[in-house]
Amino acid sequence: DLKRLKAKPQVKGPQRIEITGPIDPLGDENSQIRLLISYLANETSNIDESFALKIMCELLFEGPASPFYRALIDSGLGSEYAPGTGYDTSTYDATISIGLQGLSEDKLKKVEDVINETFVKVRAYPEEFISKERVETILHQLELGLRYSSANFGLSLVSSVTQSWIHGADPIAALAITKKVNEFRKKYEQGGLFERLLDKYILNNEKNHLCFIMRPDSKHAEKLEAKETEFISKQEIDLEALKREALRLKEKQEAEQNLNCLPCLS
């Protein structure tokens with residue numbers, strides 16, 4: 001129901017959510033905080049804008065030459081990007097996210113400041129941080145991908161358009177990679193493309209901004225189990241019936257299959 005999906009909730013200013021999570025036994029016990037800052041972006045049905053934002057996020061975040069890699073990871077603020085970093089089109093409204101994991105408490109404010117400062121610097125000096133050579137490299141890789149047919153070529157094509165398709169985009173238009181590349185090149189060569197996107201979805205988008213922080217908790221697993229037990233105790237659930245259903249399913253899955261029902265060629 002696209003009408004229901006388009007009924008967006010009213011966001012009242014920037015949001016800040018803090019939760020606890022499990023401890024990484026292999027990590028430094030004093031540097032296990034994760035921080036992720038997300039910005040609400042475009043409707044994923046807007047194929048051309050989604051394509052431009054995807055390229056912009058790759059330029060900003062991917063690889064040692066990207067401005068955020070240098071500002072956040074090369075600088076030693078965190079060990080690596082937080083899960084979820086990048087451009088996500090799995091929902092009706094896409095999101096742009098950037099964050100770090102392996103943080104200590106005293107670095108949290110610094111990371112938030114550096115993320116905002118880096119966006120401002122990129123906006124002010126786009127030629128310095130997003131060179132035309134890097135843009136052409138990404139476009140060249142996309143075009144090469146069209147010429148390479150693997151065993152899963154068809155499945156890869158379908159999976160690449162599924163997310164935008166279910167949110168109202170034209171799947172045929174989403175598959176027209178060459179057309180999207182040409183349209184992007186035209187807008188990029190006119191100048192100011194990335195600056196407009198940064199202004200629209202990052203720098204002037206304070207109301208649709210979320211800061212998510214996860215702190216480690218040595219008793220996280222115990223607390224989670226207790227909550228699950230409490231939840232189950234409040235539900236009218238026949239656990240014995242569930243066990244019987246699970247056993248029947250297991251028996252069916254392990255039973256010998258009738259291969260005669262499969263279609264054959266002769």
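In the predicted model, helix H11 (220–234) and helix H12 (239–254) each supply at least two residues of a nonpolar patch. The patch lies on the surface and is formed by Phe231, Ile232, Ile237, Leu239 and Leu242, which together have about 460 Å² of accessible area. Of these residues, leucine 242 is found in helix H12.

The chain as a whole contains twelve helices and six strands. Its radius of gyration is 23 Å, whereas a compact globule of 266 residues would have a value near 18 Å. Along the principal axes, the C-alpha atoms fill a box of roughly 65 × 65 × 40 Å. The accessible surface of the chain comes to about 17500 Å², and carbon and sulfur atoms account for 54% of this area. Buried residues make up 33% of the 266 residues. Among contacts with a separation of 6 or more, 76% join residues that are 24 or more positions apart.

In the interior, the largest nonpolar core has 48 residues. Leu72, Ile96, Ile115, Phe119, Phe184 and Phe194 are the residues with the most contacts inside this core. Helix H2 (residues 47–61) gives the most to the core, with nine residues. Phenylalanine 184 illustrates how such a residue is surrounded: with neighbours within four places in sequence left aside, phenylalanine 184 is in contact with Phe51, Ala52, Ile55, Val135, Leu139, Leu193 and Phe194. Phe194, one of these partners, is also listed among the core residues with the most contacts.

Leucine 100 is placed in strand S5. With a relative accessible area of 0%, leucine 100 counts as buried, because the limit for a buried residue is under 20%. Not counting residues up to four places away in sequence, leucine 100 touches Ile33, Arg34, Leu35, Leu72, Ile73, Leu77, Gly78, Glu80, Tyr81, Ala82 and Val111. Leu72 appears in this list and is also one of the residues with the most contacts inside the largest nonpolar core. Arginine 196, by comparison, lies 96 residues from leucine 100 in sequence, and the two C-alpha atoms are 26 Å apart in space.

Aspartate 217 provides a case of a buried residue in a loop, the one between S6 and H11. The relative accessibility of aspartate 217 is 13%, and the residue therefore falls under the 20% limit for burial. Apart from residues up to four places away in sequence, aspartate 217 touches Thr20, Gly21, Pro22, Ile23 and Lys223.

Charged side chains were examined next. Side chains of opposite charge can pair when their charged atoms come close. A search of the whole structure finds 13 salt bridges. One of them joins glutamate 58 and lysine 54, with the closest N and O atoms 2.8 Å apart. Both residues lie in helix H2, four residues apart, which is about one turn of the helix. Glutamate 58 is partly exposed, with a relative accessible area of 24%, and lysine 54 is also classed as partly exposed, at 40%.

Other salt bridges join parts of the chain that are separated in sequence. The side chains of arginine 215 and glutamate 105 meet in a salt bridge with an N to O distance of 2.7 Å. This pair links distant parts of the chain, 110 residues apart: arginine 215 belongs to strand S6 (residues 209–216), while glutamate 105 is in the loop between strand S5 (93–103) and helix H4 (108–124). Arginine 215 is partly exposed at 22% relative accessibility, and glutamate 105 is partly exposed at 46%. The two residues also take part in a network of salt bridges that links Arg16, Glu18, Glu105, Glu112 and Arg215.

A further salt bridge is formed by arginine 185 and glutamate 136, the closest N and O atoms being 2.9 Å apart. Arginine 185 lies in helix H9 (residues 177–190) and glutamate 136 in helix H6 (residues 132–147), so the salt bridge ties together parts that are 49 residues apart in sequence. Glutamate 136 has a relative accessible area of 27% and is partly exposed.

Methods: Residues numbered from 1 in each chain as written. Predicted model: local features only at pLDDT ≥ 70, side-chain atom pairs only at ≥ 80, totals over all residues. Heavy atoms only, no water. Patch = residues over 30% accessible without salt bridge, like charges linked within 9 Å, V, L, I, M, F, W, Y side chains within 5 Å. Areas by Shrake-Rupley, 256 points an atom, 1.4 Å probe, with all protein chains shown as cover. Salt bridge = Lys/Arg side-chain N within 4 Å of Asp/Glu carboxyl O. Core = buried A, V, L, I, M, F, W, Y, C linked by side-chain atoms within 4.5 Å. Buried < 20%, exposed > 50% of the residue type's maximum accessible area, 1.4 Å probe, protein only. Contact = heavy atoms within 4.5 Å. Rg over C-alpha atoms; globule rule 2.2 N^0.38 Å.
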